[in-house]
Amino acid sequence: MKHYEVEILDAKTKDKLCFLDKVEPNATIGEIKSMFHRSHPQFYPARQSIRLDPKGKSLKDEDVLQHLPVGTTATFYFRDLGAQISWVTVFLTEYAGPLVIYLMFYFRVPFIYAPKYDFTTSKHWVVHLACMCHSFHYVKRLLETLFVHRFSHGTMPLRNIFKNCTYYWGFAAWMAYYINHPLYTPPIYGEQQVKLALIIFLFCQIGNFSIHIALRNLRPPGSKTRKIPYPTKNPFTWIFLLVSCPNYTYELGSWLGFTLMTQCLPVAFFTMVGFIQMTVWAKGKHRSYLKEFRDYPTLRSPILPFVL
């Protein structure tokens, strides 16, 4: 059995960082990362990006050396991804923040509104309903992070957590300030508008959860297997017939319901920004599905049926 010699160069400077002798042909990129880590302890595997070309895409950990377009002396390029943090930690931090921040405004803790309003409650029942819906949404997200989601990538750059938390925490404070403000006024169409909004919100929350369960069941524990998602017996998943990322579709619907319920401009702005970002993600995932699966259903749209 022939062995490989592997040299790893810095992607920026082209300086040689490591030389590995007698590497087994069935060695994976993940194993090569572990070997590199032994000579450079500061670069743990999750922090490494190993590439065939300095400006190319990162190779997958499961890629096998003998199946790559390299000779018996293989040259790879290393790029430092920076300090990493687990996705679970990221999501728990992102979602716990809005939950706590919103409740601070709801209970009107001191130094938010005028002193005479400290620890008082709103006279409008829609304010209490909005707090329950907002809290339910983020408690659901926290529980899904712990017990439902299976991540194809274990980590993300540490710097991203500051950007993400600024987004989620900042919007939560902005929305909560106005919804729980002593001068807040209920929606124009009153009880009927709020009830309709609540139905939309709950319907989409159940739909979002159903999609997350369906996606989870596509990937066995500890696996990075990717399959085409199809509708199941659960009616909430039938939207897979028309949309590639119905979890985003239902997420959008939830926030549209919350916007209708509160009739609050910051909530509408958060919904709009979220829709733009989710559309970018959905289009990217839709393209990857089409590229990876030749038999991918062509009728599907990324996020909105027949539209977008």
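**Exercise 1.** Are Glu144 and Lys140 buried or exposed? Work this out for the predicted model shown above, and describe how the two residues are related.

*Solution.* Start with location: Glu144 and Lys140 both belong to helix 3 (residues 125–147), where they sit 4 residues apart, about one turn of the helix. Next, consider the general geometry: an α-helix has 3.6 residues a turn, so residues three or four places apart point the same way. Then look at the contact itself, a salt bridge in which the closest N and O atoms of Glu144 and Lys140 are 3.1 Å apart. Finally, apply the cut-off for burial, which is under 20% relative accessible area; both Glu144 and Lys140 are buried.

**Exercise 2.** The structure holds 7 salt bridges; examine the one between Lys195 and Glu191 and the one between Glu292 and Arg226, and state what parts of the chain each pair joins.

*Solution.* For Lys195 and Glu191, the side chains meet with an N to O distance of 2.7 Å. Because these two residues are 4 residues apart in helix 5, about one helical turn separates them. Lys195 is partly exposed, with a relative accessible area of 42%, and Glu191 is likewise partly exposed at 42%.

For Glu292 and Arg226, the side chains meet at 2.6 Å, N to O. Glu292 lies in helix 7 whereas Arg226 lies in the loop between helix 5 and helix 6, so this pair ties together parts that are 66 residues apart in sequence. In terms of exposure, Glu292 counts as partly exposed at 42% relative accessibility, and Arg226 counts as partly exposed at 34%.

**Exercise 3.** Trace the partners of strand 1 (residues 4–10), giving the sense of each pairing and a residue pair that illustrates it.

*Solution.* Begin with strand 2 (residues 16–23), which runs antiparallel to strand 1 and is joined to it by 5 bridges; here Ile8 stands opposite Cys18. The two strands form a hairpin with 5 residues between them, and Lys14 in the turn has a positive phi of about 70 degrees. Turn then to strand 4 (residues 73–80), which pairs with strand 1 in the parallel sense over 6 bridges, with Leu9 standing opposite Tyr77. As for burial, strand 1 is mostly covered, since 6 of its 7 residues are buried.

**Exercise 4.** Check whether the length of helix 6 (residues 246–262) agrees with the expected rise of 1.5 Å a residue, and describe its surroundings.

*Solution.* The 17 residues of helix 6 should span 24 Å, and the end C-alpha atoms are 24 Å apart, so expectation and model agree. Of these 17 residues, 15 are buried, so helix 6 is largely enclosed by the rest of the structure. Helix 6 is followed by Gln263, whose phi is positive, near 50 degrees.

**Exercise 5.** Which helices supply at least two residues each to the nonpolar patch, and how do two of the spans listed by UniProt as "transmembrane region" appear in the model?

*Solution.* The patch covers about 700 Å², and its residues include Trp174, Phe269 and Trp281. Helix 4 (159–179) and helix 7 (265–292) each supply at least two residues, with helix 7 giving the most, 5 residues. Trp174, found in helix 4, is partly exposed, with a relative accessible area of 35%.

The unreviewed UniProt entry lists several spans under "transmembrane region", among them residues 166–184 and 196–215. Residues 166–184 are 74% helix and 0% strand, with end C-alpha atoms 25 Å apart. Residues 196–215 are 100% helix and 0% strand, with end C-alpha atoms 29 Å apart.

Notes: Residues are numbered from 1 along each chain as its sequence is written. This is a predicted model: local features need pLDDT of at least 70, side-chain atom pairs count only at pLDDT 80 or more; totals for chains, interfaces and linings use all residues. Side-chain values use heavy atoms; hydrogens and water are left out. Buried means under 20% relative accessible area, exposed over 50%, partly exposed in between (1.4 Å probe, protein chains only). Two strands pair if DSSP finds at least two bridges between them. The expected span of a helix is 1.5 Å times one less than its number of residues. Patches are made of residues with over 30% relative accessible area and no salt bridge: like charges are joined within 9 Å, nonpolar side chains (Val, Leu, Ile, Met, Phe, Trp, Tyr) within 5 Å. Accessible areas come from the Shrake-Rupley method with a 1.4 Å probe; for residues, only the protein chains shown count as cover. A salt bridge is a side-chain nitrogen of Lys or Arg within 4 Å of a carboxyl oxygen of Asp or Glu. UniProt positions are given in the numbering used here, feature names are shortened, and annotations may be inferred rather than shown by experiment.
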